[in-house]
Amino acid sequence: MAGKFVINLHRFEPAPIVKDTKPLLQSTEFPPIRRETVETLQLNLGYLCNLSCIHCHVAAGPKRTELMSRSTMATALEVADRFQVRTLDLTGGSPEMNPDFGWLVEQARARGLHVMDRLNPTIMEEPGYEWVGDFLAEHQVEAIASLPCYSRANVDAQRGNGVFEASITALQRLNRLGYGKPGSGLTLNLVYNPLGPVLPPDQRKLEADYKEFLGDAFGLVFNRLFTITNMPIQRFGAILLSKGQFADYMTLLKNAYEPGNLKSVMCRSLISVDYLGRVHDCDFNQMLGLPLGGAKKPVELAQLLRSDDLPRAIGVADHCFGCTAGQGSSCGGALSS
Ligand code: SF4
Ligand code: SF4
């Protein structure tokens, strides 16, 4: 699976995670929150990715082998039916690297589900993945593409040499397919996250800057920019610990706490499923191994098929302050923007 960008990443390949922030997060004063109607089923199709970004909270990379099976995907679709979930949100790794990605999208679209693909656009430039753009357009999948900055130097520093150029080429290809263009029905949203232990800037202002710069320099158009706060977990958490910045970053998140964001944190309307079919309150809890609803034992997708309702309880820990700091943060960007 190693593609041309993996070669570029050798100087950049992050060290394996040797320090885990989970024990430092579990005692918390974050307020209790309850789930409402679940609108989105988020599936992590696996940790395989052609990149190994510094900030990655999944610690994804080209050497990861964990992938969701087709039978787990089928159970997830049954759960979507049972609880009348309207949106399937596909994430990874690079979701398109799962061999059953195409099957899942076709099944979901045939059921009338809205499908979102969180793609790292460089995958479209990897040999063997040239089909991705056409396939997404054909099935009217919403594309949510990561582009952590509009500066070539910053993107390459975070993601590896050559990643900025490959991302721009891929986004231009999506534009040619109609993505981001008015009236096409094909939505292209971009995702920004900070390079280091700071909060994202104002989403609306940054979106305007992205649109101006990417439009002028590359003729690119897109719908929305989502700013996402880095979570103090997994690879980013380990970097904070190794640099002695973990405590300061937690203080930053807690000092910026905005209670108004509690009403729209994403776990209130979403559940997240890992590659083995275990269910969590969100992608971040999934990465910390915290089961759905704060349960002591893993909760399997198949168990939900025997339930009348989804748990209302949500398992919180100190990393939740990453969702409520400042303008707030979620898979759909700022909460108060
Ligand atoms: S942040 Fe995205 S593109 Fe980067 S390694 Fe993680 S999953 Fe891959
Ligand atoms: S980290 Fe997850 S559980 Fe905590 S507030 Fe954010 S979305 Fe909810």
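For counting residue classes, Ala, Val, Leu, Ile, Met, Phe, Trp, Tyr, Cys and Pro are nonpolar, Asp, Glu, Lys and Arg are charged, and the others, Gly among them, are polar. Keep in mind that we're working with a predicted model.

**Exercise 1.** Work out how many nonpolar, polar and charged residues the shell around ligand 2 has.

*Solution.* Start by listing who's there: Val 265, Met 266, Cys 267, Asp 281, Cys 282, Phe 284, Asn 285, Ile 314, Val 316, His 319, Cys 320 and Cys 323. Next, pull out the charged class, which contains Asp; here that's Asp 281. Asn 285 and His 319 go into the polar class. The tally for ligand 2 comes to 9 nonpolar, 2 polar and 1 charged residues.

**Exercise 2.** Do the class count for the shell around ligand 1.

*Solution.* The neighbours of ligand 1 include Cys 49, Cys 53 and Cys 56, along with Leu 51, Val 58 and Ala 60. The list goes on with Ser 52, Gly 92, Gly 93, Ser 94, Asn 120 and Ser 146. Don't trip over the glycines: Gly counts as polar. You end up with 6 nonpolar, 6 polar and no charged residues around ligand 1.

**Exercise 3.** Find which strands stand at the edges of the sheet.

*Solution.* First write down the order of the 9 strands: E6-E5-E4-E3-E2-E1-E7-E8-E9, an open sheet with mixed pairing. Now read off the ends: E6 (225-227) and E9 (299-300) each have a single partner strand, so one side of each lacks a neighbour in the sheet.

**Exercise 4.** Trace the pairing from E3 through to E6, giving the sense of each pair.

*Solution.* Begin with E3 (residues 114-119), which runs parallel to E4 (residues 142-146) over 4 bridges; Arg 118 has Ile 144 of E4 as its bridge partner. Step on to E5: E4 and E5 are parallel too, with 4 bridges, and Ile 144 is partnered by Asn 189. Finally, E5 and E6 pair in the parallel sense over 3 bridges, where Leu 190 meets Leu 225. Helix H8 (residues 203-218) packs on the sheet against E5 and E6, at about 135° to E6, and E5, H8 and E6 form a right-handed β-α-β unit.

**Exercise 5.** Sort the residues of E5 by side, and say whether they're buried or exposed.

*Solution.* Recall the general rule: side chains in a regular strand alternate between the two faces of the sheet. One side of E5 gets Leu 188, Leu 190 and Tyr 192, and the other gets Asn 189 and Val 191. Buried takes 20 or more other C-beta atoms within 10 Å, and 5 of the 5 residues in E5 are buried. Both faces of E5 are therefore covered.

Methods. Residues numbered from 1 in each chain as written. Chains lettered and ligands numbered in written order. Predicted model: local features only at pLDDT ≥ 70, side-chain atom pairs only at ≥ 80, totals over all residues. Near = placed C-beta within 6 Å. Pairing = 2+ DSSP bridges. Helix = DSSP H or I, 4+ residues; strand = E, 2+ residues; numbered from the N terminus. Contact = placed C-beta atoms within 7 Å. Axes fitted to C-alpha atoms, helices over the stretch in contact; angles between N-to-C directions. Buried ≥ 20, exposed ≤ 12 C-beta atoms within 10 Å, placed from the backbone. Right-handed = clockwise from strand over helix to strand, strands pointing away.
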